[in-house]
Amino acid sequence: MVHALTGHCPSPFLQETLFPTDGGFIDGRYCEDIAFGNSTYSCCLPCPLAEWRYDTELADKIAVTSWISVAILPLCIFLLISYAVLPVKWTHRHYLSICFTVGICCMELAFIIPLGANPEQCHNAITPNGMRSDLSCAFSGSFLLFGGWLVVMWSFIRTIAFHLQVCWEKVIGPKFMWMAFVCGFGIPAIGTTVMLILTGVSFRFGEICHINVTNGLYDYWIPVMVFASASLLLQVSTMIYCVHIYLRSLFDKSASTSGSSGTNLPSYTASVGTVTARQAYRRVRRVLKLQWRGIALTSIILGNVIFFAVVFINLDNAVAPTADNTKTATPWLMCLAETGDKEGCRKYAAAIGPNEATLLAVVILLSLVGFWNFILFARPSMFIGWLDLFRNKVTQRHEFVSADAHTRFADNKGFEMLTTSVKSPDTFMRSPSPTRMDGPDRSAFMRSPSPTQMGGHSAFMPPLSPTQMTRYGSPTTSPSPTFGNSQVAHEARYVRPSLSFSGPRPPSAREWDPQSTFAPGYGQERV
């Protein structure tokens with residue numbers, strides 16, 4: 001009996017020839033050839049395949065990772081804004097950390113896109129959607145794989161930098177930085193472009209698109225695994241070198257560093273190699289103290305990436321149309337053909353690919369990468385820097401200013417136009433009166449000028465010409481009482497304060513007793 005969709009295939013399988021081949025991701029169909037009499041028909045499991053292989057609630061469980069990313073993405077954005085706004089003394093920013101955080105943001109966006117798009121996983125009853133039939137699939141898969149590339153590449157670059165600094169004592173300069181930018185963004189861009197052209201992404205489980213099976217091992221997983229494995233080897237070799245230096249320093253008994261016979265005198269019996277071991281240990285310890293956060297995050301990322309790659313390669317191999325996979329899946333398929341109960345037949349599917357717990361672990365670990373990045377790189381000083389910025393930019397800082405300074409600078413027009421009615425200059429600048437000074441009279445602390453200094457001019461100031469005297473006025477000229485009158489304003493004269501020392505003045509009328517200040521007199525010789 002032929003049904004509308006199943007055709008000659010037993011339920012729940014659907015006959016492939018009854019569905020069009022011009023939409024969706026055709027290679028994502030899970031079909032097997034079944035013989036009926038003298039004819040063979042291609043029968044396919046309904047879409048999505050993950051609901052037949054795994055628990056029906058798998059999609060809802062994977063959606064939890066999207067909400068985890070919603071909570072973690074603002075933390076990564078906070079780090080990037082802090083790196084851009086705050087001074088380096090608060091953030092200790094470095095281009096390795098910034099680019100690494102950018103890669104993590106791309107991965108987090110891949111988990112958030114399905115929440116807003118709410119995409120359809122299936123194009124029809126047996127065909128899943130791909131990047132060419134669903135735009136959200138193209139963006140989520142591209143962000144996920146490009147972010148994975150960025151994270152792996154910048155982990156590799158950070159590991160190289162750490163290895164060069166520790167093992168080879170190389171200084172990382174501008175050349176290394178520009179090469180890191182070219183490789184750190186160029187290789188992921190090229191790798192992602194090639195992967196999308198040759199392989200592509202589609203819905204495989206959940207609402208996040210993942211890389212397809214065809215050629216995915218060669219244009220994505222092998223290159224990523226090569227850089228991840230190289231990073232892991234460099235990291236392990238660097239740590240072995242650090243342990244070697246530490247053990248050598250333990251056996252360093254040179255007196256130049258530990259002292260000898262209770263004295264601080266250096267000893268010349270130690271070998272050059274022993275002293276170098278101590279120096280190398282101190283240098284390595286300083287580098288480890290500065291970069292332990294990067295080392296920890298790189299180790300976490302590399303572990304997650306390798307685990308993620310192994311799981312997906314295993315999944316790809318399990319669904320590949322090979323004779324071994326067909327033999328392994330036959331008991332499960334026969335159970336579905338006979339009973340149609342996917343819950344009862346799921347025990348036969350345990351041998352096909354990774355189990356549900358492994359898939360959930362991979363997705364959750366990927367979504368938590370940003371959390372570890374925030375925990376390790378969000379220094380307490382960042383929050384102090386934001387508090388300091390808030391105090392400086394938002395709140396107005398009130399400084400103490402004396403009352404005479406407010407009076408002096410209340411109106412600057414008086415210094416520009418003589419016709420403006422302003423007060424006498426004595427109200428703007430006035431030297432303190434001796435009666436307002438604590439202690440003895442100020443003249444008691446000043447040596448009286450000598451007769452040679454009291455000539456027509458000061459020893460530090462040339463005499464004024466008659467023209468200059470007319471312009472500025474004599475020292476004894478008094479201010480005009482009608483300062484606001486324009487006619488009299490041109491005849492205003494400069495009045496020097498009584499205690500100004502900028503020009504010649506008559507000697508003080510007060511007598512100065514050197515003994516009152518314990519100072520030698522003119523006739524006494526200093527001891």
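The side chain of Asn-325 reaches the backbone oxygen of Asn-317 at 2.6 Å. The model is predicted. The exercises below start from this residue.

**Exercise 1. Place Asn-325 in the chain, then decide whether Asn-325 counts as buried or exposed.**

Step 1. Find the element. Asn-325 sits in helix α10, which covers residues 323-339.

Step 2. Check the accessibility. The relative accessibility of Asn-325 is 17%. Buried means under 20%. Asn-325 therefore counts as buried.

Step 3. List the contacts. Neighbours within four places in sequence are left aside. Asn-325 then touches Asn-317, Ala-318, Val-319 and Ala-320.

Step 4. Return to the polar pair. Asn-325 uses its side chain, while Asn-317 offers its backbone oxygen.

**Exercise 2. Describe the largest nonpolar core.**

Step 1. Count its members. The largest nonpolar core has 66 residues.

Step 2. Pick out the best-connected members. Trp-154, Phe-205 and Tyr-220 touch the most other members.

Step 3. Ask which helix gives the most to this core. Helix α5, residues 135-167, gives the most, with 12 residues.

Step 4. Follow Phe-205. Leave aside its neighbours within four places in sequence. The contacts of Phe-205 are then Ala-50, Leu-58, Ile-62, His-210, Phe-312, Leu-315, Leu-359 and Val-363.

Step 5. Look for another core. One lies apart from the core of Phe-205 and has 16 residues. Its members include Cys-9, Tyr-41, Leu-45 and Ala-349.

**Exercise 3. Find where Thr-17 lies and what its side chain contacts.**

Step 1. Locate the residue. Thr-17 is in the loop between β1 (14-15) and β2 (31-36).

Step 2. Classify Thr-17. Its relative accessibility is 63%, so Thr-17 counts as exposed.

Step 3. Find the polar partner. The side chains of Thr-17 and Gln-15 make a polar contact at 2.7 Å.

Step 4. Compare sequence and space. Thr-17 and Cys-44 are 27 residues apart along the chain. Their C-alpha atoms are separated by 10.0 Å.

**Exercise 4. Locate two cis peptide bonds and two positive phi angles.**

Step 1. Start with Pro-12. A cis peptide bond joins Ser-11 to Pro-12, with omega about 10°. Pro-12 is in the segment before β1.

Step 2. Go on to Pro-48. Cys-47 and Pro-48 share a cis peptide bond with omega about 0°. Pro-48 is in the loop between β3 (39-44) and α1 (50-53).

Step 3. Turn to His-92. Its phi is near 55°, a positive value, and the residue is not glycine. His-92 is in the loop between α3 (88-91) and α4 (95-117). Its relative accessible area is 45%, so His-92 is partly exposed.

Step 4. Finish with Glu-169. Its phi is positive too, at about 55°. Glu-169 lies in the loop between α5 and α6 (174-198). Its relative accessible area is 54%, so Glu-169 is exposed.

**Exercise 5. Describe a nonpolar surface patch, then the whole chain.**

Step 1. Name the patch members. Val-243, Tyr-246, Leu-247, Leu-250 and Phe-251 make a nonpolar patch of about 510 Å².

Step 2. Examine one member. Val-243 is in helix α7, residues 216-250. Its relative accessibility is 47%, so Val-243 counts as partly exposed.

Step 3. Zoom out. The chain has 17 helices and five strands. Of its 527 residues, 37% are buried.

Step 4. Consider the total surface. The accessible surface is about 31000 Å². Carbon and sulfur atoms account for 62% of that surface.

Key:
Residues numbered from 1 in each chain as written. Predicted model: local features only at pLDDT ≥ 70, side-chain atom pairs only at ≥ 80, totals over all residues. Heavy atoms only, no water. Core = buried A, V, L, I, M, F, W, Y, C linked by side-chain atoms within 4.5 Å. Buried < 20%, exposed > 50% of the residue type's maximum accessible area, 1.4 Å probe, protein only. Helix = DSSP H or I, 4+ residues; strand = E, 2+ residues; numbered from the N terminus. Contact = heavy atoms within 4.5 Å. Polar contact = N/O pair within 3.5 Å; in protein donor to acceptor, adjacent residues only side chain to side chain. Areas by Shrake-Rupley, 256 points an atom, 1.4 Å probe, with all protein chains shown as cover. Patch = residues over 30% accessible without salt bridge, like charges linked within 9 Å, V, L, I, M, F, W, Y side chains within 5 Å. Salt bridge = Lys/Arg side-chain N within 4 Å of Asp/Glu carboxyl O.
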